[in-house]
Amino acid sequence: MSEYAQVVRAILAIPKFTKEKHDFSVLRSYLDALGQPEQGRRIVHVAGTNGKGSVCRMLCGILQEAGRRCGGFFSPHLVRINERIRVSGVEIPDEELVLGYETVNRIKVQKDLQQLTFFELLFVIALWYFQKADVQDIVLETGLGGRLDATTSISADLFVITEIGMDHEEYLGDTIEKIAGEKAGIITGDSPVVFQTGNGGAVADRVIAAKAEECGCRAVLNCRNAKILHRERTVHGIDFSFENDYDSYDHVFLPTQAVYQTENAVTAVSAARFLFPEQVFSKKEFHQLVQRALGSFSWEGRLQEVMPGVFADGAHNPSAARRLTESLREMYAQGDHTSAQIIFGASGDKDIQDVFRELMAFPWDRIILTSYQGSRAASAEELRRIMEASDVSEVSDVSERIQVSGRSGKRVSGEILVTDSLREALQLAGISVGRGDGSGESEQEERSKVLTLITGSLYLVGELRSLLR
């Protein structure tokens, strides 16, 4: 086993979710021993239920387009841990991840420090690497919540909060107000705040605005007030314009069919303007910079077309599922698809029933329930039972076509198919992976007319990526 593989195994063995959080003093001890690697760099801190990863990626793209050397810290990874730590869009090399792990572990032994959690360890390695790579800006994606998240242990020059929705209630609270309070916990100083609470609505807005006022933030911008005009949608992407409280942007192009990404783009662009005031870039120069950066935007697992007609999206909570369904309806209406099928797998600790209810607002011709490889995954049979218990007839006429599988939990025909193997789920959907399927161009073109969505979990999307590789 290689040294890299041993390090990855050691990191993955550390628990990912714990209700008990370290005091930030533990983290600060490690960072102090590393010479406070965050110092002297501009830091943007992003939290939210949905969209924070996309906003972070967009912000990194804008900074890079402006000629800045940018470090990005993301969560979760889909296939390799390296995806979480990037400089100018490039993942941390294997040998640097190993060296970073060894460096942090050496500090732990020398100073007899408490063991860091999974996320804390990667966060410290990221800051160590950003210092070594001499980045100018750091964009941090919060792991969970905000108030107690490791990323909040350092000061930020700009706070950004994306859509607020119900998720991780066992850690963050069972109301929008409580969850918004946890997300707003990243606001720890008087730096500007930009937010787009989406479905969190006025309740979340009030919580964030109150926290910003409490901290005396120099500027507060609510992007939910922005006016967005979708000018044109094609299979290549979305041409849109928008206007916020300070500026207007015309004909911005995003190479994605995910309508929800336009709201994320508004948030990212509005936040980036605080990083580049007019004395750095004129309005015209900044608009051109934004058009170039967003025109090359891509982010894995966000309504990503992984092969013709096959899309992957990591939507795993009701709010994200609702946004995804809205985009699917527009895609289907404007495309030449003849039918639609969904492959769904989810974590057992998610609100699967409400996610189902949102996704079933789309009239699927075939539903394939499956599972990803992981201890948190719900089995395909468990998903079938949840679906049976869901009164989908309230939201879609699809229930009239549903044929539920038998006790074996598996069928090879009918409207609902059940299998715990993603590879087999893909085969049931008529998709071959791992090697050529021998079909001709005409057959592949015909198959691409079937809109196929693979969704329910980023872990499922990660497994899909591994299979496609």
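This report walks through a predicted model of one protein chain, from its overall make-up to its cores, aromatic rings and a few individual residues.

**The chain as a whole**

The protein chain has 469 residues, and 56% of them are buried. Its secondary structure comes to 16 helices and 17 strands. If you take the contacts between residues at least 6 apart in sequence, 73% of them join residues at least 24 apart. The accessible surface is about 19600 Å², and carbon and sulfur atoms account for 45% of that area.

**Two nonpolar cores**

Let us start inside. The largest nonpolar core has 60 residues, and the members that touch the most others are F73, I125, F130 and I187. Helix α5 (residues 118-132) gives the most to this core, with twelve residues. Another core lies apart from it and holds 41 residues, including V44, C70, A268 and A271.

I187 is a good place to pause. Leaving out residues up to four places away in sequence, I187 touches F159, I161, V193, I208, K211, A212, C215 and C217. The C-alpha atoms of I187 and A47 are separated by 9.9 Å, although these positions lie 140 residues apart along the chain.

A47 itself belongs to strand β1 (residues 42-47). With a relative accessible area of 0%, A47 is buried. Beyond residues up to four places away in sequence, A47 touches K52, T142, G145, V160, I161, T162, K183 and I186. I161 is thus in contact with A47 and also with I187.

**Aromatic rings**

The count of aromatic pairs comes to 14. The table sets out two of them.

| Pair | Centre to centre | Angle between planes | Arrangement |
|---|---|---|---|
| F73 and F123 | 5.7 Å | 55° | tilted |
| Y332 and F362 | 5.6 Å | 90° | edge-to-face |

The pair of F73 and F123 links distant parts of the chain, with F73 in strand β2 (residues 70-73) and F123 in helix α5, 50 residues apart. Both of these residues are buried.

The pair of Y332 and F362 also links distant parts of the chain. Y332 sits in helix α11 (residues 318-334), while F362 is in the loop between α12 (352-359) and β15 (366-369), 30 residues apart. How exposed are the two partners, Y332 and F362? Y332 is partly exposed because its relative accessible area is 25%, whereas F362 has 2% relative accessibility and so counts as buried.

There is also an aromatic cluster, formed by F240, F242, Y249, F276, F281 and F286. Two arginines meet rings of this group. The charged end of R42 sits over the ring of F276, 5.5 Å from its centre. R273 lies over the face of F286, and here the distance to the ring centre is 4.5 Å.

**A buried arginine**

R233 is part of strand β9 (residues 227-234). Is R233 buried or exposed? Its relative accessible area is 11%, which is under the 20% limit, so R233 is buried.

What does the side chain of R233 meet there? A polar atom of this side chain lies 2.7 Å from the backbone oxygen of Q257. The R233 side chain also makes a polar contact with the side chain of E330, at 2.9 Å. Setting aside neighbours within four places in sequence, R233 is in contact with I238, Q257, V259, S327, E330, M331 and Q334.

**Helix α13 and its cover**

Helix α13 (residues 380-389) has several residues that are buried: A380, E381, L383, R384, I386 and M387. In an α-helix there are 3.6 residues a turn, so residues three or four places apart point the same way. The elements that cover the buried residues of α13 include β14 (339-344), α12, β15 and β16 (416-418).

**A glycine in a loop**

Finally, G216 is found in the loop between α8 (201-214) and β8 (220-222). G216 has a relative accessible area of 45% and is therefore partly exposed. From G216 to T188 the C-alpha distance is 9.7 Å, and the two residues are 28 residues apart in sequence.

Conventions. Residues are numbered from 1 along each chain as its sequence is written. This is a predicted model: local features need pLDDT of at least 70, side-chain atom pairs count only at pLDDT 80 or more; totals for chains, interfaces and linings use all residues. Side-chain values use heavy atoms; hydrogens and water are left out. A nonpolar core is a set of buried Ala, Val, Leu, Ile, Met, Phe, Trp, Tyr and Cys residues joined through side-chain atoms within 4.5 Å. Buried means under 20% relative accessible area, exposed over 50%, partly exposed in between (1.4 Å probe, protein chains only). Helices (H or I, at least four residues) and strands (E, at least two) are DSSP runs, numbered from the N terminus. Contact means heavy atoms within 4.5 Å. Accessible areas come from the Shrake-Rupley method with a 1.4 Å probe; for residues, only the protein chains shown count as cover. Rings of Phe, Tyr and Trp (its six-membered ring) pair if their centres lie within 6.5 Å; planes under 30 degrees apart count as stacked, over 60 as edge-to-face and the rest as tilted. A charge sits over a ring if NZ of Lys or CZ of Arg is within 6 Å of the ring centre and within 35 degrees of the ring normal. A polar contact is a pair of N or O atoms within 3.5 Å; within protein, one must be able to donate a hydrogen and the other to accept it, and residues adjacent in sequence count only if both atoms are side-chain atoms.
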